[in-house]
Amino acid sequence: MNFEDLEIIEPIIKALKLEGYTHPTPIQQKSIPILLHGRDLLGCAQTGTGKTAAFAIPILQQIYLDPNKDKSHRKVRTLIITPTRELAIQIGESFTTYGKFTGIKNTVIFGGVKQGKQTQALSRGVDVLVATPGRLLDLMNQGFISLKEIDFFVLDEADRMLDMGFIHDIRKILAKLPNKRQSLFFSATMAPNIVALSNKILGNPQKVSVKPEQTTAEKVGQSIYFVAKKIKPSLLIHLLQSKGSGSTLVFSRTKHGANKIVKLLAKANIVADAIHGNKSQVARQKALSNFKSGQIKVLVATDIAARGIDVDKLAMVINYDLPNIPETYVHRIGRTGRASESGIAVSFCDSEERAYLKDIQKLIGQQIPVIEDHPFKDAHHSEPEKSSTKPQPSNPRHPRRNSNNNNGNKSRWNPRKSNPRSSR
Ligand code: AMP
């Protein structure tokens with residue numbers, strides 16, 4: 001299935017293509033038709049599933065196609081409530097990205113900053129408002145926002161909203177919404193209090209549930225090498241020369257790093273190309289099509305550019321650098337092991353990345369097997385430190401799963417075998 005099959009309009013398709021989205025994710029496949037038919041939606045899905053686009057695309061499309069739209073006088077017609085400012089910003093960015101060719105405007109409001117810029121944006125006129133509850137109520141009380149004209153209402157991450165004690169704010173906001181509207185409700189879990197809240201908001205909703213992407217982690221054979229930063233190039237070359245007969249996607253945290261990796265591989269006579277945000281769209285497409293066709297076996301990517309990369313039979317993903325956002329790890333390794341295939345994901349972890357690894361293992365509920373037996377073992381770096389300082393605060397946007405398999409599993413090279421869920 002592609003986005004055209006979902007009857008998405010051309011200006012949005014064009015924006016999705018620019019983002020490198022080729023196929024809708026399962027939640028998008030399920031939700032977009034329901035929403036384009038004007039139905040309310042109860043979505044059991046968490047972040048990483050593509051749920052933002054699942055609601056942003058049909059909302060943008062309906063606003064765009066509305067014959068009664070008055071372009072000269074914008075009014076807030078869509079309200080998205082979300083628990084944190086980070087999430088609000090990301091949702092706003094998604095609307096900007098997907099709505100690039102629609103002329104639809106959004107703005108984001110959240111607390112903890114001065115309100116001036118936010119009220120100025122509101123007075124210039126917006127179609128879509130993304131807000132955290134406290135600041136929204138504050139600006140409503142000051143008369144900057146009216147919810148009278150809301151046609152689309154989204155409550156995102158409802159479970160976190162309740163955990164964060166927003167229930168009273170949500171009730172106050174609901175009381176100001178018009179009865180005639182389309183409502184969307186997303187939550188990662190559906191505890192009784194969440195269901196009760198959803199019943200207050202939705203009218204005869206269609207239900208959509210998608211498995212969190214974490215399940216991907218279960219069918220990919222994962223392993224980790226504790227290595228010093230300076231050893232990473234040699235280990236990469238060694239792995240590509242000894243194991244890398246199939247297509248391999250190498251992830252670098254930075255664009256500069258990706259270019260450096262391509263150069264060092266070239267010195268070892270390994271042909272590779274890089275895709276990242278500094279490359280032109282044409283260069284990115286060319287690298288990707290060469291990789292997909294098997295002309296180049298190694299592609300080095302940053303996370304931004306890796307979005308939408310969907311290569312049949314991708315043999316291996318190598319995390320040259322560990323991502324600082326744990327969900328990104330799941331997203332990266334999900335490039336391999338797609339559909340019914342199993343795959344291999346190898347990660348390098350230097351001493352500064354230990355805290356990232358800890359977060360990743362917590363999220364996937366798994367201890368990633370450590371490869372001890374390799375020629376680049378560094379005595380000072382082979383064992384994980386007991387405690388390490390966090391290099392950067394982790395993304396507060398995402399809920400964490402508790403680890404349930406802390407068996408300190410260590411293995412020799414054979415990631416498929418070391419993964420009990422991977423039998424193929
Ligand atoms: P979300 O669950 O909305 O936070 O999305 C998770 C990630 O998936 C984000 O980085 C999106 O940009 C990306 N994404 C969403 N939909 C697609 C798609 N159809 N193809 C590729 N990437 C996508």
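# Reading the labels on this predicted model

Q: How do the axes of helix 2 and helix 3 lie, and at what angle do they cross?
A: The axes of helix 2 (residues 26–36) and helix 3 (residues 51–65) come within 9 Å. They cross at roughly 25°. Helices here are DSSP runs of H or I with at least four residues, strands are runs of E with at least two, and both are numbered from the N terminus. Axes are lines fitted to C-alpha atoms, for helices over the stretch in contact; angles run from 0 to 180 degrees between N-to-C directions.

Q: Why is helix 2 called roughly parallel to helix 3?
A: The crossing angle is roughly 25°. Angles under 35 degrees count as roughly parallel (over 145: roughly antiparallel; 65 to 115: roughly perpendicular; the rest: oblique). So helix 2 is roughly parallel to helix 3.

Q: What kind of model is this, and how are its residues numbered?
A: This is a predicted model, where local features need pLDDT of at least 70, side-chain atom pairs count only at pLDDT 80 or more, and totals for chains, interfaces and linings use all residues. Residues are numbered from 1 along each chain as its sequence is written.

Q: Which residues of helix 2 and helix 3 meet?
A: From helix 2, they include Ile27, Ser31 and Leu35. From helix 3, they include Ala54, Phe55 and Pro58. A contact is counted if two C-beta atoms, placed from the backbone, lie within 7 Å.

Q: What is the hand of the crossing, left or right?
A: Helix 2 passes helix 3 in a right-handed crossing. The term applies if the near helix is turned clockwise from the far one by less than a right angle; anticlockwise makes it left-handed.

Q: What makes strand 6 largely enclosed?
A: In strand 6 (residues 182–187), 6 of the 6 residues are buried, so the rest of the structure largely encloses the strand. Buried means that 20 or more other C-beta atoms lie within 10 Å of a residue's own (12 or fewer: exposed; in between: partly exposed), with C-beta atoms placed from the backbone. Gln182, Leu184 and Phe186 are buried on one side. Ser183, Phe185 and Ser187 are buried on the other.

Q: How do you know that strand 6 pairs with strand 1 and strand 5?
A: Two strands pair if DSSP finds at least two bridges between them. Strand 1 (residues 41–44) has 4 bridges to strand 6 and runs parallel to it. Leucine 42 has phenylalanine 185 as its partner in strand 6. Strand 5 (residues 152–155) also joins strand 6 in the parallel sense, over 4 bridges. Phenylalanine 152 is partnered there by glutamine 182.

Q: Why do strand 3 and strand 7 count as edges of the open sheet?
A: The sheet holds 7 strands in the order 3-4-2-5-6-1-7, with parallel pairing. Strand 3 and strand 7 (206–209) each have a single partner strand, so one side of each lacks a neighbour in the sheet. On average, neighbouring strands of this sheet are turned by 15° against each other, direction ignored.

Q: Where does helix 6 pack on the sheet?
A: Helix 6 touches strand 2, strand 3 and strand 4. Its direction makes about 105° with that of strand 3.

Q: How do you know that the buried residues of helix 6 share a side?
A: In helix 6 (residues 133–141), the buried residues are Pro133, Arg135 and Leu136. They span an arc of only 170° around the axis, which places them on the same side of helix 6. The arc is taken from the directions that lead from the helix axis to the C-beta atoms. Their cover includes strand 2 (78–81), strand 4 (128–131) and helix 8 (167–176).

Q: What covers strand 12, and which strands join it?
A: Strand 12 (residues 314–319) is mostly covered, with 5 of its 6 residues buried. Strand 9 (residues 247–251) runs parallel to strand 12 over 5 bridges. Strand 13 (residues 343–349) is joined to strand 12 by 4 bridges, also parallel. Methionine 316 stands opposite isoleucine 344 in strand 13.

Q: Why is glutamate 7 called exposed?
A: Glutamate 7 has 10 other C-beta atoms within 10 Å, so it counts as exposed. Its phi is positive, about 60°, although it is not a glycine. Most residues other than glycine have a negative phi.

Q: Why does glutamate 157 count as buried?
A: Glutamate 157 has 23 C-beta neighbours inside 10 Å, so it is buried. It sits in the loop between strand 5 and helix 7 (158–163). Its phi is positive too, near 50°.
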